[in-house]
Amino acid sequence: MTQLSRRSVLLGIGAVGAFLAIDLGALAYANKWIGPGSLTRETFMDGFRTVFGLHPGFRRNHAKGVVVNGYFDSNGNGRELSKAALFTPGRTPVIGRFSLSGGNPMMADAPATARGLGLAFAFPDATQWRMALLNLPVFVDHSPQGFYDRLLASKTDPATGKPDPVAMSAFNKAHPESVAAMALIKQHPPTAGFADSTYSSLITFFFVNDEGVRTPVRWAFVPMQAAIPPLPGTTNSLFDALVRQMRSGPLRWRLLLTVGQPGDPIADATLVWPGDRRTVDAGVLTLTTIETEAPGNARDVNFDPLVLPDGIEPSDDPLLSARSAVYAASYRARTGEPKSPSAVQVDEVAP
Amino acid sequence: MTAPARYPLRTRILHWLTAVLVFSMLLIGFAMVNSIGSYASLRAVHMSLGIIVLLIVVVRAANRFTHRVPTLPGTVGWLEHKVVIGSELLLYALLLAQPLVGWAMVSATGKPVVVFGSVSLPRIAPFDADLYFTLRQTHSLLAYTLVVVIAAHVSAVLLHTLTLRDRMLSRMAFANSATSERASVHSAIGEHSNAASNTGRHGRTRRHR
C-alpha cells in the first residue's frame, strides 16, 4: 500500500478542486448562471407569460390559430434565383397554419391584430422549407431586444384596457426604428380577412441558383381572391369567415419573389425596399382543406424560419436566430404541457 | 518502479479525442439553449459534432474488444474495481445514447436532420410532439448525467495519480510511452507476455492477498 503523505493528499484534493472549479465554472457560464446578463430564450418566455398569462399547450405567441393543407404549383420561374426543390416545375404539398399575433389562444379576433401564416412545404421531407409570414409590409422591430421591449411595453393595463402610455412612450423614444415601421404599417391598413391578406417574409434571405449566384430576396404570397366579410360581434369572426370561405372552394395566393439590389437593406426587417424592385412570379399556393388544431397536424409543427432547403440561405438579420431560438423554447414548453381544445373548432362554425 | 502498462496508442487517441469533443459538446449544448444571437450557428455545430461523437464512440466500443486492458494499479481494491467497470460501461452507454437521442429528438419534430452544412441524414423517429418532448427531456437529463459522471471520472484519476501516486493517468497518457507501448502491443495481440498474463479480465492485477 502506498504511503500517503500530507503533501500528496493536498495535491490531489487541490487538483480535483481546481478541475471542478473550472468544470462547474464553464458549466455555469455556458448556462448563463454567472457572467454578463443578456437576453435568453427564457427572458422571452417570461415576457410572454407576464404579458399574456400562461396558456398550457399553446404557442407562446400566435397562440390562436387554425390548420390548413394544400399544395404549391411551381411554374419553374423561381429556378432563375434558387435551386430549391420547391421551384422545380410541378406540385409540392404544404401544411400550414393561419394565426393571430399574441399569446392568448382565446382572445377575440380584431382586424388590427397582425395575421400570421406558417407554411411547411414538402413536410416532412429533407427538402422541406418552413416559413412564418405576416400580413405586414415591414416588421415592427429590427432586433430581439426591440421585440422584447415592445412586448413588455404593450402589456395591457387591466385598469384601462390599454397599454400603459408611459411605458409605450418610453419604448418609442428608445426605438425610433419601430416608430417608423409603425407609421409605414399604418399606411397599409389590414384587409377584410385572412383570405385577401398578403403574407410577407419580411426578413431577407439569400437565394442560391444552380450557378451558385447568391441573390438577396424577400417574398410575399399575394391573394388571388377577395375575402367574404366577417360577421361582426363574434369572437372568432376572422377565423369563422376563413372556414366558411374554404368550405366553398380552395384559396389561392401567387408567390412573388422580390429581387434585392446592392445597397438594399438585408439585415433590417423594419426597412422597405424601393417599390421598383423586380419581382418573379414563382407559382401559386393553393390551400384546399382547413381543420382544427389536433395532434399530428400543423399544431405540432414549429414554423422555424431557419428550416431551409438547399438553395435558400439565411441572411445576417438578427431576428432569424432569435426567432429560431424562441420558437424552439415555445415548442419544448408546449409539447410537455397538457392540451386543451383550440378556440377555432372548424366543425362548429355555422354555415 | 517500472513504467506501467498503457492502452494501445489508437485507444489513447480515441479517448482524448472523445474527451475534447464531449467537453466541447456539453458546453456548446448548454450555451446554445441560452443564446439568442448564436443559437442557429451553435446548433449547426452541435449537431455536426454530435454525429462525429457517435461515430467515434461506435469505433471505440468496437476497438475496446480488440485488446486487453492494461493492469490497474494495486491501489484499486475489489469494490473500487467494480465501480471502475460500472463507470466505464456507464460512460460508453451515455456517449452512445446521447447523440442518438439528439438525432431522434430532431427527427420527432419533423425537421430534416442536416449536418456538416448540407449532409441530410435519415429521420430515425416518427413526427410526434409527445415523443419529441420525452426525448428532449432525456437529452438534458443525459447531459447533466454526463457532467457528473465525467467529473467523477476525472476526479478519481486525479486523486489516484496525485494522492496515491499510483501512475493511474499514465495508462492513458502519451508522454514517455516508449517502454509501455511494447507491453500493450503484446497484450493487444494476445501474446502470453508478462504484461498480458498479469492482466485479469478487466485489467485488474491478480494479486495474492
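Which residues are buried in α2(B)? In this predicted model, the buried positions of α2(B) are Y39(B), A40(B), L42(B), R43(B), H46(B), G50(B), V53(B) and V57(B). These buried residues pack against elements of both chains. From chain B, the partners are α1 (9-32) and α3 (78-108). From chain A, the partner is α7 (318-335).

The length of helix α2 of chain B was also examined. The helix covers residues 39-63, which makes 25 residues. At 1.5 Å a residue, α2 should therefore span 36 Å. The end C-alpha atoms of α2 lie 35 Å apart, which agrees with the expected span.

Chain B as a whole contains six helices and two strands. Read from the N terminus, its elements follow the order α-α-α-β-β-α-α-α. The two strands thus appear in the order after three helices, with three more helices following. Chain B has 209 residues, and 33% of them count as buried. Among contacts in chain B with a separation of 6 or more, 70% join residues 24 or more positions apart.

The contact between the chains was considered next. Chain A supplies 40 residues and chain B supplies 34 residues. On the side of chain A that touches chain B, the elements giving two or more residues are α1 (6-30) and α7 of chain A. The most comes from α1(A), with 12 residues. By residue class, this side of chain A divides into 23 nonpolar, 11 polar and six charged residues. Helix α7 of chain A also appears among the partners of the buried residues of α2(B).

Technical notes:
Residues numbered from 1 in each chain as written. Chains lettered and ligands numbered in written order. Predicted model: local features only at pLDDT ≥ 70, side-chain atom pairs only at ≥ 80, totals over all residues. Helix = DSSP H or I, 4+ residues; strand = E, 2+ residues; numbered from the N terminus. Expected span 1.5 Å × (residues − 1). Buried ≥ 20, exposed ≤ 12 C-beta atoms within 10 Å, placed from the backbone. Contact = placed C-beta atoms within 7 Å. Nonpolar A, V, L, I, M, F, W, Y, C, P; charged D, E, K, R; others polar.
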